[in-house]
Amino acid sequence: MKKLRLGILGAILTAVLVSPWLIQKRAGGRLLSKQVTLQQQVVLLEQLSAENERLSNSVARLKSSHSLTDAEVIELMKLRAEVGQLRQAVQQIEPLRRQIRRIRQGLQQMEEWAAGINLTALLADEMEMRRARVAQLKQWLEEVPSEQIPELQFLSEFNWIGAVENLSVTDDEYRQTMSRLRYEGEIAFSKMAFQALQQYAQANHGQFPAGLSQLRPFFESPIDDATLERYEIVPAKSLNFEVNVEAPEDWVITQKAPVNRDLDHRGAISLRGLSVGTSEAGRWDPGP
């Protein structure tokens, strides 16, 4: 339980508080990169300045001559072109310096903002708020027991706390949240059932069980009747979404009926893995 709580606290801390730190870290990385670039540009500027002075002197000497040879004229043209390139390079360095100054100022402001945050208090407030939302959801669930399924027993506290991040106090929001939690509980059960199915097939020459009761000895932990009664064995071709099987005639394990036909999705467990209808085509068939 301590490990679970630490994991929960760590996850929430990451989601709630680490984002500013990541922004600061990334900005610092960009600043460091800019500083390295600036240092390189400064060195280049010094070299360019020296070269510019040399070329300017050469041009001046050439201009002072009363007559120029063809070779000297060509050299003069080259020098003028190089001087123009040097001036352009020097002009490009100044915007970089201004950008570095802006990044430094922004980073300093971010550090001052982060220093004023009480991380412990903020985390405690977030945890208290989410636990209060979980309590509200479970109270609503007691009043609407039809939204419950046995697979909710396989959920951790982290599942509940994560599901109420943006929970409001409307029935629609409660039902949507419970649909997500039912999905997570069904996935948890499906993973256990898939392992049991694999072991059963290995022990029975690759055969699929005729009934779910035959899988009982192969579950790592005992599975209650209420959970198994929610599922049935049907041909994969009877489902209205794509299933991970070798042939449509292969058998799969699936839920018998949805809790909320408009929100819940149907899943299937085959010898090849798990399949879930995550689009409109994977929802349950329309009711009568």
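This note sets out points on the fold, the long helix α6, the nonpolar cores and the cavity of a predicted model.

1. Overall organisation. The chain contains seven helices and four strands. Along the sequence these elements follow the order α-α-α-α-α-α-α-β-β-β-β. Of its 288 residues, 33% count as buried. Among the contacts with a separation of 6 or more, 64% join residues that stand 24 or more positions apart.

2. Helix α6. This helix covers residues 171-203, a run of 33 residues. At 1.5 Å a residue, α6 should span 48 Å, and its end C-alpha atoms are 47 Å apart, so the expected and computed spans agree. A general point helps in reading a helix of this kind: an α-helix has 3.6 residues a turn, so residues three or four places apart point the same way. Just after α6, His-205 adopts a positive phi of about 55 degrees.

3. The largest nonpolar core. This core is made up of 18 residues. Those with the most contacts inside it are Leu-137, Trp-140, Leu-141, Leu-152, Trp-160, Met-178 and Leu-181. At least two residues of the core come from each of α4 (119-143), α5 (157-163) and α6. The greatest contribution is that of α4, which gives six residues.

4. Leu-152 within that core. Which residues does Leu-152 contact, once its neighbours within four places in sequence are left aside? They are Leu-141, Met-178, Leu-181 and Arg-182. Of these partners, Leu-141, Met-178 and Leu-181 are themselves listed with Leu-152 among the residues with the most contacts inside the core.

5. A separate core. Another core, of 14 residues, lies apart from the largest one. Its members include Ala-193, Ala-196, Tyr-231 and Ile-253.

6. The cavity. The structure holds one cavity of 30 Å³ or more. The volume of the largest cavity is about 110 Å³. Its lining consists of 16 residues, and the closest to the cavity centre are Ser-190, Gln-255, Gly-267, Ala-268 and Val-276.

7. The cavity lining. Two or more lining residues are given by each of α6, β2 (251-255), β3 (267-270) and β4 (273-276). The largest share, four residues, belongs to α6. Sorted by class, the lining comprises eight nonpolar, six polar and two charged residues.

8. Helix α6 in summary. Helix α6 supplies at least two residues of the largest nonpolar core, and α6 also gives the largest share of the cavity lining. The student may therefore wish to trace residues 171-203 in the structure, where the end C-alpha atoms of α6 are 47 Å apart.

Note on methods. Residues are numbered from 1 along each chain as its sequence is written. This is a predicted model: local features need pLDDT of at least 70, side-chain atom pairs count only at pLDDT 80 or more; totals for chains, interfaces and linings use all residues. Side-chain values use heavy atoms; hydrogens and water are left out. The expected span of a helix is 1.5 Å times one less than its number of residues. On a 1 Å grid over the protein atoms alone, a cavity is a set of points where a 1.4 Å probe fits but cannot get out, and a pocket is an open set with protein on both sides within 12 Å along at least five of seven lines; lining residues have an atom within 4 Å of a point. Grid points are joined across faces, edges and corners, and a volume is the space filled by probe spheres set on the points. Ala, Val, Leu, Ile, Met, Phe, Trp, Tyr, Cys and Pro count as nonpolar, Asp, Glu, Lys and Arg as charged, and the others, Gly among them, as polar. A nonpolar core is a set of buried Ala, Val, Leu, Ile, Met, Phe, Trp, Tyr and Cys residues joined through side-chain atoms within 4.5 Å. Buried means under 20% relative accessible area, exposed over 50%, partly exposed in between (1.4 Å probe, protein chains only). Contact means heavy atoms within 4.5 Å.
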